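Trainee: Could we go through this chain together, one question at a time?
Mentor: Gladly; look at the sequence and the structure first, and then we will begin.

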Amino acid sequence: MELRLDDTTALITGGSRGIGLQIAHRLCAAGANVVLSSRRADGLAAAAATLEGLGGGVSTVVAHVGDPAAAEEAVAATVARFGSINLLVNNAGTNPYFGPMIEIDPSAMRKTYEVNQASILTFSQAAWRQGMQRHGGAILNIASIGGLGPEPGIGWYNVTKAAVIHTTRQLAYELAPSVRVNAIAPGLVKTELARGLWEGREDALGHAIPLGRLGEVDDIATAALFLLSPAASWITGQTLVVDGGTTNQPTGGVS
């Protein structure tokens with residue numbers, strides 16, 4: 001099945017590298033115009049260069065997703081460049097703190113909330129106001145399997161990702177039938193953000209996963225293309241777990 005997104009425009013936050021950039025590759029190759037958003041102009045320029053010639057048009061907009069005003073500006077720039085916004089990928093994420101959640105300082109707590117959780121709503125609001133309310137569309141939020149349960153070291157990060165999952169359900173309920181809203185919950189994927197979790201331990205970690213390896217960014221991007229395409233036209237409010245079977249293992253209990 002060929003999944004096409006011709007005559008659509010997508011805005012991708014955190015689009016200069018990792019999962020966001022690979023989603024951009026998939027969408028652009030499927031015919032979509034793609035606008036990459038990130039904090040640094042130099043990173044965006046390098047990322048955009050990798051998309052040239054794939055299919056759809058390419059543009060960039062510098063924006064800090066933790067700033068609510070940046071959401072309106074990024075969406076406005078998208079509409080100004082391509083005439084519409086049909087697809088929104090809320091991918092930007094951060095994790096400035098590792099350790100017990102009970103000891104996190106207010107600054108790290110606030111930054112993680114603003115980027116991982118609040119930006120999902122502010123960018124969705126901006127996309128709704130500036131086009132999706134009238135013309136429809138699809139929103140995809142990047143959550144995490146960490147949002148499904150407790151875990152050492154990244155507890156507050158996981159709390160924000162749990163909020164992403166519920167925000168996805170709530171927005172899907174509120175924006176239907178014109179806008180579909182779904183999420184992907186990746187397992188451990190080899191990205192720069194997660195490097196501290198997998199670097200130097202890739203083989204050992206991969207052997208503990210039922211499908212025998214860590215995730216690659218294209219594992220997530222392929223799922224994203226499906227959920228944003230017309231092939232998923234009767235799917236909304238769902239979180240697709242893409243984790244190699246990590247969350248589908250025996251608990252070790254007895255019955």
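**Working through a predicted model**

Mentor: Let us start with D7, which is exposed, with a relative accessible area of 75%. Please keep in mind throughout that this is a predicted model.

Trainee: What is the value of phi in D7, and where is D7 found?
Mentor: The place to look is the segment before β1 (9-13), which is where D7 is found. D7 is a residue other than glycine, and its phi is nevertheless positive, near 65 degrees.

Trainee: How many helices and how many strands does the chain have?
Mentor: The helices and strands are numbered from the N terminus, so a name such as β1 tells you the place of an element in that order. For the chain, the secondary structure comes to 8 helices and 7 strands.

Trainee: What radius of gyration does the chain have, and what would a compact globule have?
Mentor: The C-alpha atoms of the chain fill a box of roughly 55 × 45 × 35 Å along the principal axes. For 255 residues, a compact globule would have a radius of gyration near 18 Å, and the value for the chain agrees with this, being 18 Å.

Trainee: What share of the residues of the chain counts as buried?
Mentor: A residue counts as buried when its relative accessible area is under 20%. The accessible surface of the chain comes to about 12,200 Å², and 54% of it belongs to carbon and sulfur atoms. Of the 255 residues, the share that counts as buried is 49%.

Trainee: Among the contacts with a separation of 6 or more, what share comes from residues 24 or more positions apart?
Mentor: A contact here means heavy atoms within 4.5 Å. Among the contacts in the chain with a separation of 6 or more, the share from residues 24 or more positions apart is 73%.

Trainee: How far apart are the mean positions of the positive and negative charges?
Mentor: The chain has 17 positive and 21 negative charges, and a mean position is taken for each group. The distance between these two mean positions is 2 Å.

Trainee: Why can side chains of opposite charge pair?
Mentor: Such side chains can pair when their charged atoms come close. In this structure, a search of the whole finds 6 salt bridges. One of them joins the side chains of D6 and R4, with an N to O distance of 2.8 Å.

Trainee: Are D42 and R40, which form a salt bridge, exposed or partly exposed?
Mentor: The closest N and O atoms of D42 and R40 are 2.7 Å apart. Over 50% counts as exposed, and R40, at 55% relative accessibility, is therefore exposed. D42 has a relative accessible area of 45%, so D42 is partly exposed.

Trainee: Which helices hold R129 and E72, the two residues of another salt bridge?
Mentor: In the salt bridge between R129 and E72, the closest N and O atoms are 2.6 Å apart. The pair ties together parts that are 57 residues apart in sequence, because R129 lies in helix α4 (residues 106-135) and E72 in helix α3 (residues 68-82). R129 counts as partly exposed at 47% relative accessibility, and E72 likewise counts as partly exposed, at 27%.

Trainee: Which residues does a cis peptide bond join?
Mentor: Look at the loop between α5 (155-175) and β6 (179-186), which is the place of P177. With omega at about 5 degrees, the cis peptide bond joins A176 and P177.

Trainee: How far apart in space are the C-alpha atoms of E52 and A29?
Mentor: E52 has its place in the loop between α2 (41-49) and β3 (58-62), and E52 is exposed, with a relative accessible area of 54%. E52 and A29 are 23 residues apart in sequence, while their C-alpha separation in space is 9.9 Å.

Trainee: Which residues does Q249 touch, not counting those up to four places away in sequence?
Mentor: Q249 is found in the segment after β7 (239-242), and Q249 counts as partly exposed at 37% relative accessibility. Q249 and T239 are 10 residues apart in sequence, with their C-alpha atoms 19 Å apart in space. Leaving out residues up to four places away, Q249 touches A208 and P210.

Terms used: Residues are numbered from 1 along each chain as its sequence is written. This is a predicted model: local features need pLDDT of at least 70, side-chain atom pairs count only at pLDDT 80 or more; totals for chains, interfaces and linings use all residues. Side-chain values use heavy atoms; hydrogens and water are left out. Helices (H or I, at least four residues) and strands (E, at least two) are DSSP runs, numbered from the N terminus. The radius of gyration is taken over C-alpha atoms; the globule rule is 2.2 Å times the number of residues to the power 0.38. Buried means under 20% relative accessible area, exposed over 50%, partly exposed in between (1.4 Å probe, protein chains only). Accessible areas come from the Shrake-Rupley method with a 1.4 Å probe; for residues, only the protein chains shown count as cover. Lys and Arg count as positive and Asp and Glu as negative; His and the chain ends are not counted. The place of a charge is taken as NZ of Lys, CZ of Arg, CG of Asp or CD of Glu. A salt bridge is a side-chain nitrogen of Lys or Arg within 4 Å of a carboxyl oxygen of Asp or Glu.
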